[in-house]
Amino acid sequence: MTALLAIEDLHVCYGKVEAVHGVSLHLDAGQIVSVIGPNGAGKSTLLSAAIGLLPSQGRILFDGQEIGRLGVEDRVERGLCLVPETRELFGEMSVLDNLQLGAYVRRESKADRRRQLELVYARFPRLAERRTQRAETLSGGERQMLALGRALMSRPRVLMLDEPSLGLAPLIVDEILAIVRGLREDGVSILLVEQNALAALESSDYGYVLESGEVAVEGRSDVLKSDERVFESYLGGV
Amino acid sequence: MTWDIALILSVDGVAGAAIYLLAGLGLVLVFSVTRVIFVPFGDIAVFSALTLAYLEAGRWPPTIALVAVLAAITAVKEVVAHLRHGRVAKVPAALGTWLGLPLLACVPAQLLAGQELPPLVDIALTLALVLPIVPLMARLVFHPIAHASTLVLLIASLVMHFLMSGLGLLFFGPEGFRTQPLMRGAVELAPGFLVSAQVLLMVGAAAVLAGLFFLAFERTLVGKALRATAVNRTGAQLVGIRPASTAALTYCAVSLLAGFVGILIAPSTTMYYDSGLIIGLKAFVAAIIGGLSSYPLTALGALAVGMLESFASFWDGALKDVIVFSLLIPALMIRSHFSHHSDDDVEEEEV
């Protein structure tokens, strides 16, 4: 079966410094794949390159087609979507405006857009309550929900999430990860980059451990959880 | 100064403010979406005013040639770029966008120029001719350096101003032109206080255009996309908004605003090929008061500039421009006092 998203031998440089060295990664339809690793391992760089924010060498295949030379907007149009660590919301605009802009790429009727908006509101009721509020006034958890909601407005086929739990209270993290798992049931495939390794592996089907810009270990998430090296290094070793 | 004089000066000030409002909105729009400080705004307004003057006089406006040449150069550049990257399928669309559409705007003017036409037709032809100028020039000049620093973009913008000013002299000559007032007569606003209908038209048109501008930005998805690009460029890309498209749309809107400015100002002010810089600079003062980002503050700035200019010309006509530009000093001091610096900025300064 062809992977929905296949990254092959990807190299990413910041100037003369190579941050990602020949990483290969596969994501099948309906799968959640996690990428874990320490700070500076190249996880966020990998996602930025996959969406086209950073130039890269190697192959990026989406649904069997090479997208490595396409711009960010073309990749988004094909159904690839990134929720970055920094969220990149439109802070001075309302929650509703942010969500509507999420569907910008869809070029669909107002009625379809409204239907999708209601689905997002159903998934994130707090966004419905805050619809007229400016995005910059939301709490951390609400911002993450808005970032996810905005991404869902574009009806992505592959959603790449960069540190969705970053800076959030444990209860909110559980809520966010439960929503992420729920997205898979709606047919969205997810590439999850997360420092909270245990939470990431518990939420995913398959995992990659990135160290110094290279894949150190990969395997099914339940297997990785019991891998001694992963356990020692990333799961607290207790 | 008596109350009568103060009232007359205030009306003049509001009329001037109407012009600076439109120009200021244009400058803020371009800067917030593309980071370009669009110095040639006033020059485009001058081209609009002089094109209208030529059409009214039954002469062939050289603006037609300018648009045709710009369209041809831009189309060649785009086609070559597509062919070099092997994107042959995109060539027809590029030809249609960068050659077909601008030439379409030239056709009616080419057919009708030299005839005696109703004023509204002259205005429509002028706007149609001015509309493609900024998008075409921006595609040639700013698009290839879109990621350059603001300083580089400013230098390119200054070069464009000098180029437009030189072309203005070449096309229209050194003599000044005024166009026919769009409305004649006066309206009595209060007993014994007459205001020219043309001034009311200027203020009304500016208010309507600014209102439409506001509605487009607040109520339409495309307007929101422009705001989003201004607020967060990366975020905009991540939802599929194309910076090149928003930039093209922005330049079209600015071209149209400059076109209206030229049409509104020309009946009351004699326009020369080099009148644009002073209009642009005064609008820039208004835009600076708005921090090159806030439309309401820019509107207030435009009002301040218009009023100050009007009263300053009464006190000392020779110093009026100096007085208006001096407004920058308190404006910058106030903005500096209230602006927030991020930690990154502080670190950069320390380095």
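**View 1. One cavity sits in this predicted model.** Looking for enclosed spaces of 30 Å³ or more, we find that the structure holds 1 cavity. Its volume comes to about 70 Å³. Most of the names to look for here carry the letter A: the lining includes A:Cys81, A:Leu82, A:Val83, A:Pro84 and A:Arg87, along with A:Gly102, A:Ala147, A:Arg150, A:Ala151 and A:Ser154. Chain B joins in too, with B:Leu238 and B:Val239. Two elements of chain A, β6 (80–83) and α6 (140–153), give two or more residues each to this lining. Sorted by class, the residues around the cavity are 8 nonpolar, 2 polar and 2 charged.

**View 2. Here is where chain B and chain A touch.** Chain A brings 23 residues to the contact, and chain B brings 17. Put together, the two chains bury about 2000 Å², with 62% of that on carbon and sulfur atoms. On the chain B side, keep an eye on B:Leu221, B:Leu238 and B:Val239: they lose the most area to chain A, and together they make up 34% of what that side buries. Two of these, B:Leu238 and B:Val239, also turn up in the lining of the largest cavity.

**View 3. Zooming in on the polar side of the contact, we meet a salt bridge between B:Arg242 and A:Asp74.** Their side chains come together at 2.8 Å, N to O. Across the two chains, the count is 4 salt bridges. There are also 7 residue pairs in polar contact, both partners at pLDDT 80 or more. On chain B, α9 (221–231) and α10 (233–238) each supply at least two residues of the side that touches chain A. It's α9(B) that gives the most, with 6 residues. As for the make-up of that side of chain B, expect 9 nonpolar, 5 polar and 3 charged residues.

**View 4. The second largest pocket is lined by residues from both chains.** This open space has a volume of about 1100 Å³. A total of 34 residues line the pocket, and those nearest its centre are A:Glu92, B:Val231, B:Ser293, B:Ser294 and B:Tyr295. Chain A offers α3 (95–102) among the elements giving two or more residues, while chain B offers α1 (3–34), α8 (197–219), α9 and α13 (295–315). The top contributor is α8(B), with 7 residues. The mix around this pocket is 15 nonpolar, 9 polar and 10 charged residues.

Key:
Residues numbered from 1 in each chain as written. Chains lettered and ligands numbered in written order. Heavy atoms only, no water. Contact = heavy atoms within 4.5 Å. Buried area = accessible area lost by both parts, 1.4 Å probe. Polar contact = N/O pair within 3.5 Å; in protein donor to acceptor, adjacent residues only side chain to side chain. Helix = DSSP H or I, 4+ residues; strand = E, 2+ residues; numbered from the N terminus. Nonpolar A, V, L, I, M, F, W, Y, C, P; charged D, E, K, R; others polar. 1 Å grid on protein atoms, 1.4 Å probe; cavity = no way out; pocket = protein on both sides within 12 Å on 5 of 7 lines; lining within 4 Å. Points joined across faces, edges and corners; volume = space filled by probe spheres on them.
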